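Reader: I'm new to reading structures, and I'd like to take a close look at one spot where two helices come together. Could you walk me through it slowly and then show me what sits around it?

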Amino acid sequence: MSFLGYSLTLWGNLRLSETSEQRLKEKLKKITQRNRGVNLEQLLKELKTVLQGWLHYFRLAQMKSKLIKIEGWLRRRLKCFRLKQCKRAIGIVRLLTKLGVEKTLSWRTALSGKGWWRLSNSPALNIGMNNKWFIEQGFYSPTENYKQLYRNPL
């Protein structure tokens with residue numbers, strides 16, 4: 001049974017409904033489109049407002065595992081967004097070496113014929129754009145903030 005974006009389980013627990021999760025992902029897709037002409041800082045501000053409002057509305061739902069999946073998917077989309085801003089192979093190499101990836105791995109990744117989505121999960125990007133990098137950029141982590149917001153109802 002679904003009501004106001006929540007689903008009620010057989011044991012009386014509140015969960016996030018599937019349609020609410022899909023609507024959130026559609027909003028996030030629209031914000032993180034790779035062809036938008038905004039910088040990463042502006043994009044992260046927009047994401048923070050959407051995620052913060054959404055998380056505060058659904059704070060009563062038990063959705064830790066869903067949030068972990070959504071956050072992983074969102075980080076990968078942000079990697080795609082940042083990678084496409086480099087435009088050419090030399091730009092990708094400069095970005096990755098600046099992030100601490102060794103030069104040969106940077107070149108191997110940049111010269112790969114794979115698409116943006118596949119490159120966003122490559123070892124070079126996982127080394128350079130790790131969780132620490134996302135925190136430095138100002139990424140609003142839904143899972144970390146959910147831990148603080150969620151209180152088990154009586």
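Author: Let's start with a word we'll need: two residues are in contact when they have heavy atoms within 4.5 Å. Keep in mind, too, that this is a predicted model.

Now to the spot itself. On one side, Lys-64, Leu-67, Ile-68 and Glu-71 of H3 meet Pro-142, Thr-143, Tyr-146 and Lys-147 of H9. Sort those residues by class and the contact of H3 with H9 has four nonpolar, one polar and three charged residues. As for how the helices lie, H3 covers residues 64-85 and H9 covers residues 142-149, and they pack at an angle of about 155° with their axes 9 Å apart. Angles over 145 degrees count as roughly antiparallel, so H3 is roughly antiparallel to H9.

Let's zoom in on Thr-143, which lies in helix H9. Leaving aside residues up to four places away in sequence, Thr-143 touches Leu-67, Ile-68 and Glu-71. Is Thr-143 buried or exposed? Its relative accessibility is 13%, and the cut-off for buried is under 20%, so Thr-143 counts as buried.

H9 has a charged pair as well: Glu-144 and Lys-147 meet through their side chains in a salt bridge, 3.5 Å from N to O. Because Glu-144 and Lys-147 are three residues apart in helix H9, about one helical turn separates them. Glu-144 has 43% relative accessibility, so this residue is partly exposed. Elsewhere, Glu-18, Glu-21 and Lys-66 are joined into one network by salt bridges that share partners.

How many salt bridges are there in total? The count comes to six. One of them links Glu-46 with Arg-36, whose closest N and O atoms are 3.0 Å apart. Glu-46 belongs to helix H2 (residues 40-57), while Arg-36 is in the loop between helix H1 (18-31) and H2, so this pair ties together parts 10 residues apart in sequence. Arg-36, at 24% relative accessibility, counts as partly exposed. Compare that with Glu-41 and Lys-45, whose side chains form a salt bridge at 3.8 Å, N to O. Both Glu-41 and Lys-45 sit in helix H2, four residues apart, or about one turn of the helix. Lys-45 is partly exposed, with a relative accessible area of 48%.

Last stop, the strands: three of them make an open sheet in the order E1-E2-E3, paired antiparallel. E1 (2-3) and E3 (14-16) are at the edges with a single partner strand each, so each has one side without a neighbour in the sheet.

Conventions:
Residues numbered from 1 in each chain as written. Predicted model: local features only at pLDDT ≥ 70, side-chain atom pairs only at ≥ 80, totals over all residues. Heavy atoms only, no water. Axes fitted to C-alpha atoms, helices over the stretch in contact; angles between N-to-C directions. Helix = DSSP H or I, 4+ residues; strand = E, 2+ residues; numbered from the N terminus. Parallel < 35°, antiparallel > 145°, perpendicular 65-115°, else oblique. Nonpolar A, V, L, I, M, F, W, Y, C, P; charged D, E, K, R; others polar. Pairing = 2+ DSSP bridges. Buried < 20%, exposed > 50% of the residue type's maximum accessible area, 1.4 Å probe, protein only. Salt bridge = Lys/Arg side-chain N within 4 Å of Asp/Glu carboxyl O.
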